Amino acid sequence: MDHQSTLERVVRGVLIALVLLFFMFPIVWILMMSFQTNEQILRIPPSLAFEPTLENYQALITGRLETQAGTLDIRFMSNLWNSLVLSVCSVALALVLGVPAAYAFARFRFRLGEDIAFTLLSFRFAPPLLVLLPLTLYFQELGLADTYIGLIWVYQLICLPLILWIVRGYFEDVSPDIEHAYRTAGHGWLTTFRRISIPLTAPGIAAAGLLAFIFAWNNFIFALVLASADKQPVTVGALAFVTASGIQYGQIAAAIVLSITPTLALALYAQRYLVEGLSLGAVKG
Amino acid sequence: MYEKEQDRVQAYLDGKMSRRELLRSMSALGVSAAAASTLIGLGSTRAFAAGFDAMQHQGTALKLLLNKHPYTDALLANLEAFKAMSGMEVTYDIFPEDVYFDKVTAALSSRSSEYDVFMTGAYMTWTYGPAGWITDLNEWIQDGDKTNPNYNWADMLAGLRASTAWNGIPGGALGSADAKQWCIPWGYELNNLSYNRNMFDQAGVSAPTNMGELLEVCAKLSTDVEGVYPIGVRGSRSWATIHPGFLSGYSNFGERDLTVGDDGTLSAAMNTDGSKAFHRDWVKMIQEYGPKNWSTYTWYQVGTDLGAGASAMIFDADILGYFMNGGGNKETGNIAYAPFAANPAADAPTPNVWIWSLSMSNFSQKKDAAWHFMQWATGVEHGLFGAQQMDFVNPVRQAVWDDSTFRARIDETYPGYLHQHDVSAPGAQIYFTAQPLFFDLTTEWAATLQKMVANEVPVDEGLDMLAESVNNQLADAGLG
C-alpha cells in the first residue's frame with residue numbers, strides 16, 4: 001500500500017533524477033564525446049548537437065588513425081586483449097589458490113596461521129615501486145621479465161590477498177555443523193569442500209572475484225615496469241592518445257567506453273551475486 | 001632501385017627538384033607517395049654510408065626505448081633505410097609521454113640491459129649521468145674508428161651541444177672543457193610567441209617584442225576580441241611551468257636561478273630586484289590576461305587552447321605552436337610566430353630550450369653498435385629526411401636549417417617560424433644551473449608562482465621565502 005503523497009513522490013523523483021544526473025553525466029558525456037571529432041569536442045561553447053561519427057571506434061579497432069598530421073598507428077585492441085588475458089588469468093589463478101587457503105584459514109587453527117594471513121594481506125599495502133624494482137632484477141635472472149606468466153604471477157599481489165581475506169569471512173559465516181553433518185554421512189573432506197562449502201559461499205566468491213578483476217583491470221604500474229610495449233594493458237594504452245602534437249579526445253573517449261565495457265558487462269551480469277555476496281553475513285542471526 | 005626512380009630521388013636530394021615535382025614524377029612512374037618517402041630515406045642514408053663501413057655491426061640486434069612523439073614517428077618512417085644500410089636488427093618499445101620517464105627510470109635503476117638506446121631530455125641526464133646509468137659519449141665521438149668521418153659533430157647547433165654536456169659538478173658550467181657528453185641532441189624546442197593572426201588583425205595589433213608591449217597587446221586583445229583570453233602559459237605545480245616562456249623571459253633580463261660562489265657553493269638568486277620586477281609583470285600578465293584555470297595548465301592545455309581558438313597567443317615552445325597549426329585543429333592555418341625578447345634593452349631573445357636527445361644505456365651489452373645507430377639517427381641525412389618529409393622539427397643541425405627544401409616547406413605553411421628561430425637560435429640554450437636538486441627546486445618555484453597569482457602572498461615576500469627555502473635545501477644537500 002502506498003502511503004506517499006503526490007508531493008513526496010514528485011520530490012523523490014526529482015531528487016533521484018538529480019542524483020542520477022550527477023553520477024551519470026560524466027559517463028554520458030564521455031559516450032557522446034566518443035562519437036565526435038576533436039574539432040567538435042573542442043567547440044566553444046560546447047554543444048549537445050553534433051553529427052555522430054564512428055571514426056574514433058574505427059581507428060581503435062583497425063589500429064590506424066588518419067589525421068591531417070599523418071597516420072597514427074594505434075595498438076589499443078592489443079592493449080585491451082592484454083588487459084583481458086592478465087585480469088582473467090590472474091583472477092582465475094588467485095581463485096584456485098585463494099579459495100582453499102581462505103577455507104583453511106577459516107576452519108583450522110594452525111601454527112603461524114594468522115601471521116601468514118596478515119603477511120599475505122600486507123602485500124596490498126606495499127608501495128608497488130618498492131617491490132617492483134628489485135623484482136625486475138629477479139625476473140631478468142629467471143627469464144620471467146616481459147612474459148605473461150611473470151605478470152600474472154605479480155598480479156597475485158593484487159588478487160590473492162583480496163580473495164583470501166574476503167572469502168575467508170564468508171567461510172567463517174557458514175556454520176561448520178552443516179559440513180560436519182555431510183561428513184558424518186561418509187563424505188570426505190574434499191567432497192565436503194566442493195559440494196557444501198563452495199556452493200554456500202558462491203555469491204561471496206563471485207563478489208571477491210569480481211572485485212579482484214576490477215582491481216587487476218585498473219592496474220597500471222606492474223606491466224609498465226616489468227613488460228615491453230606489446231604487453232601493456234589498456235590503462236597504459238589509453239595514454240597513447242595524449243601526444244606532444246595534441247590530445248585525441250575522441251579516441252580517448254572511445255577507448256574509455258571500450259575499456260569499461262568488459263567490467264561493466266561483468267558487473268551487470270553478476271549484479272545479483274554481487275549484492276547477495278556483499279550483504280551475506282551483514283546481519284547475524 | 002630502378003635507375004629512373006634513383007635519378008629523380010638524387011635530383012630531389014640535391015635540391016634540383018621540389019618535393020611536389022618529385023612526387024608528381026614518381027607518380028607517373030607508378031610509385032606511391034609512401035614508397036617515394038622510403039626511397040628518399042634510402043637515398044639519403046646512402047650518403048651517410050659513403051666512405052664508412054656501414055655494415056661493421058651487421059647481424060647485431062638493438063632495442064630502443066622511445067617516447068610517443070612526432071620525432072619517433074619520423075624515426076620509424078626511416079628505420080628500414082638504416083636496417084638496409086647496416087644489416088642490423090632494431091626493435092623498439094614506445095611508451096606514452098605521461099609514463100615514459102617512469103619506464104626509463106625503472107629500466108635504468110634496475111640496471112636492465114634490455115634497452116641499448118633511449119630518448120631523454122637534457123635535464124634528466126643531470127640525474128642519470130652522476131648515477132652511472134648512462135655513458136659519456138665523448139669516448140665515441142672522438143674515436144675516429146667508430147665515428148663516421150661525415151658525422152660532422154660540429155654541425156650540431158653549438159648551444160645544444162653545450163646544453164647536453166655537463167661535468168657532473170653541481171653548478172658546473174654546461175659545455176665546459178671537462179664536461180661529459182651525456183646525450184646527443186635529436187630534436188629541440190625553444191620558447192617564443194605563437195599567435196592567432198586573425199585575432200591580432202581583429203584587434204589591430206602586431207606581435208609584441210618585449211614585456212611592456214606584451215602587456216599592452218594583451219590589454220587590447222582582451223577588449224577587442226570577445227570570448228578568448230589573450231595569452232596562454234603553463235601554470236601547473238611542476239618544473240615544466242618554469243622552463244618554457246617564464247625562464248626564457250627571466251633570462252633575457254640577465255636573471256639566474258642560482259649563483260655559484262667562488263668556493264663552488266650554490267645559493268638562490270630568485271629574490272634580486274630584477275627578478276622581483278620580472279615576477280611582478282609575469283604575475284600581472286597571468287592574473288589579468290591568462291586562462292582562468294592557469295594553475296592546472298600544462299603543455300596540453302596551452303596548446304589545445306591556441307589550436308581551438310580559445311587563446312590569442314602563447315609564450316611557450318615554438319613547436320607547440322607549430323603542431324597547433326596542423327592536425328585538424330580549428331585554427332589550422334591561422335597561427336603565426338614571432339621572436340620575443342622580454343627585456344627591451346636586450347639585443348635578441350634568450351630562449352631556454354628543451355632538447356629531446358638520445359642517450360646510451362651504461363648497461364647496454366652492444367655499445368659500439370648502439371653508437372653506430374645513434375650516429376645515423378642524429379646525423380644530417382636522417383635529420384633532412386625527417387625535416388623534409390615528417391614533423392621532425394626543430395632540427396638540431398645547421399645543415400638541416402640551411403636546407404632550401406626544408407626552409408621552403410616551413411615558410412609556406414608556418415609564417416614567421418623560420419625568422420623566430422633564426423633570430424633566437426644563437427641565444428638558445430639551457431639557462432638553469434645544472435645540479436641534482438633541479439626538479440625539487442623548480443617545482444617549489446612553480447608552487448610559489450601559484451601562490452603569487454592567487455594573491456596568497458605578495459611577490460617580493462614570496463620570492464624572499466622561496467630563496468630562503470632553496471638555500472636551506474641546498475645547505476641540507478651539501479651544495480649551499
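Student: In this predicted model, which element of chain A has the lowest confidence, and which has the highest?

Tutor: Happy to start there. Strand β2 (residues 70-73) of chain A sits at the bottom, with a mean pLDDT of 64. Where pLDDT is low, the predicted coordinates should not be read in detail. At the other end, with a mean of 94, is helix α4 (residues 76-107) of chain A.

Student: What is the mean pLDDT of chain A, and what is that of chain B?

Tutor: In chain A, 93% of the residues score at least 70, and the average is 87. In chain B, 90% of the residues reach 70 or more, and the mean pLDDT is 92.

Student: And what ipTM does the predictor give the complex?

Tutor: Two scores are given for the complex. The pTM is 0.85, and the ipTM is 0.80.

Student: Which element of chain B gives the most residues to the side that touches chain A?

Tutor: The contact between the chains takes 25 residues from chain A and 31 residues from chain B. On the chain B side, two or more residues come from each of α4 (70-86), β2 (89-95), α5 (97-109) and α14 (299-308) of chain B. By class, that side divides into 10 nonpolar, 12 polar and nine charged residues. The top contributor, with seven residues, is α5(B).

Student: Now for the domains of chain A: how far apart are their centres?

Tutor: Chain A is divided into domain 1 (6-73) and domain 2 (76-279). Taken over C-alpha atoms, the distance between the two centres is 31 Å.

Student: Which helix supplies the largest share of the side of domain 1 of chain A that touches domain 2 of chain A?

Tutor: This contact takes 16 residues from domain 1 of chain A and 13 residues from domain 2 of chain A. On the domain 1 side, α1 (6-33), α2 (38-41) and α3 (55-62) of chain A each supply at least two residues. That side holds 10 nonpolar, six polar and no charged residues. The largest share, five residues, comes from α3(A).

Student: Where in α7(A) does the kink lie?

Tutor: Helix α7 (residues 148-173) of chain A has 26 residues, which should span 38 Å at 1.5 Å a residue, and its end C-alpha atoms are 36 Å apart, which agrees. Of those 26 residues, 19 are buried, so α7(A) is largely enclosed by the rest of the structure. The kink, of about 45°, comes shortly before the proline A:Pro161, at A:Leu157.

Student: On to chain B: how many helices and strands does it have?

Tutor: Chain B has 480 residues, and 53% of them count as buried. Among its contacts between residues at least 6 apart in sequence, 75% join residues at least 24 apart. As for elements, chain B has 22 helices and 12 strands.

Student: How many charged residues are on the side of domain 1 of chain B that touches domain 2 of chain B?

Tutor: The assignment gives domain 1 (3-188 + 356-422) and domain 2 (190-352 + 430-476) of chain B. Their contact takes 21 residues from domain 1 of chain B and 19 residues from domain 2 of chain B. The domain 1 side has 12 nonpolar and nine polar residues, and the number of charged ones is none.

Student: Which elements do the buried residues of α13(B) pack against?

Tutor: Helix α13 (residues 273-289) of chain B has 17 residues and reaches 24 Å, close to the 24 Å expected. Its buried residues include B:Phe278, B:Trp282, B:Met285 and B:Tyr289. They pack against α10 (211-224), β7 (229-232), α12 (245-252), α21 (438-453) and α22 (459-476) of chain B.

Student: Is B:Tyr250 buried or exposed?

Tutor: B:Tyr250 lies in helix α12 of chain B. Leaving aside neighbours within four places in sequence, B:Tyr250 is in contact with B:Glu255 and B:Phe278. It has 24 other C-beta atoms within 10 Å, so B:Tyr250 is buried.

Student: Why does B:Asn455 count as exposed?

Tutor: B:Asn455 is in the loop between α21 and α22 of chain B. B:Asn455 has a positive phi of about 60° although it is not a glycine. Because B:Asn455 has 9 C-beta neighbours inside 10 Å, it counts as exposed.

Student: Which residues does the cis peptide bond with omega of about 0° join?

Tutor: One partner, B:Asn394, is found in the loop between α17 (380-389) and α18 (398-401) of chain B. The bond joins B:Val393 and B:Asn394.

Methods:
Residues are numbered from 1 along each chain as its sequence is written. Chains are lettered from A and ligands numbered from 1 in the order in which they are written. This is a predicted model: local features need pLDDT of at least 70, side-chain atom pairs count only at pLDDT 80 or more; totals for chains, interfaces and linings use all residues. Two residues are in contact if their C-beta atoms, placed from the backbone, lie within 7 Å. Helices (H or I, at least four residues) and strands (E, at least two) are DSSP runs, numbered from the N terminus. Ala, Val, Leu, Ile, Met, Phe, Trp, Tyr, Cys and Pro count as nonpolar, Asp, Glu, Lys and Arg as charged, and the others, Gly among them, as polar. Domain bounds come from an automatic or database domain assignment. The expected span of a helix is 1.5 Å times one less than its number of residues. The bend at a residue is the angle between axes fitted to the seven residues ending there and the seven starting there. A residue is buried if 20 or more other C-beta atoms lie within 10 Å of its own, exposed if 12 or fewer, and partly exposed in between; C-beta atoms are placed from the backbone. pLDDT is the predictor's confidence in each residue, from 0 to 100.
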